[in-house]
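This briefing goes through the structure shown below, topic by topic. Please keep the sequence and the model at hand while reading.

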Amino acid sequence: METNDFLTDEMKRSRLFRLLQNAETVCFVGDSLTEGTMNGGVPWYDPIRPWIRGNIVNISQGGATTKVLLGYFLPSIVRAAAELYVIAIGANDILFRDPLFCAATAAGYVQNLRKIRDAICGQRPNAGFVFIAPWIATDGDAGVIGGVIPSDIDAAYRSYTEALRAWCKETGDAFIDANGYIARKFAQSSPEDYLVDFIHPNGGNGVRLYAEAVLTYTVPRSNRDSF
């Protein structure tokens with residue numbers, strides 16, 4: 001992927017950029033957007049990869065939820081023993097909300113993330129964390145059960161995102177909500193320029209947009225309201 005002139009000076013001053021540059025090992029945890037499930041294996045952070053100085057561990061799976069991470073991936077997440085964990089999960093919890101494999105409420109979502117964080121800190125007390133709010137979804141994709149986005153989707157996104165924001169304020173962890181930036185881009189041009197379906201960024205403009213959105217949210221406090 002072309003990376004020339006991708007990062008602005010402001011992005012390079014962001015908290016996330018500094019964390020990524022200083023960690024010896026960064027563990028990215030998440031669902032299909034972290035795995036690159038639908039776009040040829042290109043994770044959302046791929047455009048930032050050239051600036052990450054340490055080792056990268058990717059623990060992700062398409063369709064993953066917070067409950068799936070707890071049930072199947074927690075040992076691998078803990079064994080990564082990373083200095084920094086960047087965790088982007090929750091869209092599938094919101095879209096499906098099946099209590100068998102999802103956090104069906106915002107409180108349950110945060111509770112699952114807390115358990116993951118506690119398990120990591122039990123082995124790596126000084127680990128750093130960045131939590132990214134559930135990725136935005138657009139309307140009308142057959143990948144959702146019955147091809148229907150839940151009617152309360154906007155309210156659910158707000159609820160889960162605000163619960164995550166409040167919890168990160170409590171723990172002092174970095175919180176990122178990239179969705180406002182992404183939605184504005186979608187409003188300016190067709191989402192099809194960036195997505196392969198209703199939620200997955202393509203391996204070119206899409207992942208670049210998502211990486212931009214994540215870094216832009218974490219610019220210094222003097223320039224905008226970040227964390």
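A salt bridge here is a side-chain nitrogen of Lys or Arg within 4 Å of a carboxyl oxygen of Asp or Glu. This is a predicted model, in which local features need pLDDT of at least 70 and side-chain atom pairs count only at pLDDT 80 or more, while totals for chains, interfaces and linings use all residues. Residues are numbered from 1 along each chain as its sequence is written, and side-chain values use heavy atoms, with hydrogens and water left out.

**Overall fold**

- The protein has 9 helices and 5 strands, taken as DSSP runs (helices H or I of at least four residues, strands E of at least two) and numbered from the N terminus.
- Read from the N terminus, the order of elements is α-α-β-α-β-α-β-α-α-β-α-β-α-α.
- Of the 227 residues, 53% count as buried; buried means under 20% relative accessible area, exposed over 50%, and partly exposed in between, computed with a 1.4 Å probe on protein chains only.
- Among contacts (heavy atoms within 4.5 Å) between residues at least 6 apart in sequence, 77% join residues at least 24 apart.

**Salt bridges**

- The structure holds 6 salt bridges, and three of them are described here.
- Side chains of opposite charge can pair when their charged atoms come close.
- Arginine 97 and aspartate 152 pair through their side chains, with an N to O distance of 2.8 Å. This pair links distant parts of the chain, 55 residues apart: arginine 97 is in the loop between α5 (91-96) and α6 (106-123), and aspartate 152 is in the loop between β4 (128-132) and α7.
- Both partners count as partly exposed, arginine 97 at 22% relative accessibility and aspartate 152 at 35%.
- Arginine 117 and aspartate 173 form another salt bridge, at 2.6 Å from N to O. Here too the pair links distant parts of the chain, with arginine 117 in helix α6 and aspartate 173 in the loop between α7 and β5 (174-176), 56 residues apart.
- Arginine 117 counts as buried at 16% relative accessibility, and aspartate 173 is buried at 9%.
- Arginine 49 bridges to aspartate 46, the closest N and O atoms being 3.1 Å apart. Arginine 49 is partly exposed, with a relative accessible area of 33%, whereas aspartate 46 counts as buried at 19%.

**Nonpolar core**

- In soluble globular proteins, nonpolar side chains tend to be buried together.
- A nonpolar core is a set of buried Ala, Val, Leu, Ile, Met, Phe, Trp, Tyr and Cys residues joined through side-chain atoms within 4.5 Å.
- The largest such core has 77 residues, and Trp44, Tyr85, Trp135 and Tyr210 touch the most other members.
- Beyond its neighbours within four places in sequence, tyrosine 210 contacts Leu33, Trp44, Trp135, Ile136, Ile182, Phe186, Leu195, Ile199 and Pro201.

**Alanine 213 and its surroundings**

- Alanine 213 is in helix α9 (residues 205-217) and is buried, with a relative accessible area of 2%.
- Its C-alpha atom is 5.0 Å from that of alanine 178, a residue 35 places away along the chain.
- Apart from neighbours within four places in sequence, alanine 213 is in contact with Ala178, Tyr181 and Ile182.

**Largest pocket**

- A pocket is an open set of points on a 1 Å grid over the protein atoms alone, where a 1.4 Å probe fits, with protein on both sides within 12 Å along at least five of seven lines; lining residues have an atom within 4 Å of a point.
- The largest pocket has a volume of about 230 Å³, the volume being the space filled by probe spheres set on the points.
- Its lining has 13 residues, and Ile136, Asp154, Tyr157, Arg158 and Asn179 lie nearest the centre.
- Helix α7 (residues 153-171) gives the most to this lining, with 6 residues.
- By class, the lining has 5 nonpolar, 3 polar and 5 charged residues; Ala, Val, Leu, Ile, Met, Phe, Trp, Tyr, Cys and Pro count as nonpolar, Asp, Glu, Lys and Arg as charged, and the others, Gly among them, as polar.

**Positive phi angles**

- Alanine 81 is not a glycine, yet has a positive phi of about 45 degrees. Alanine 81 lies in the loop between α4 (66-79) and β3 (84-88) and counts as partly exposed at 34% relative accessibility.
- Arginine 97, named above for its salt bridge with aspartate 152, also has a positive phi, near 50 degrees.
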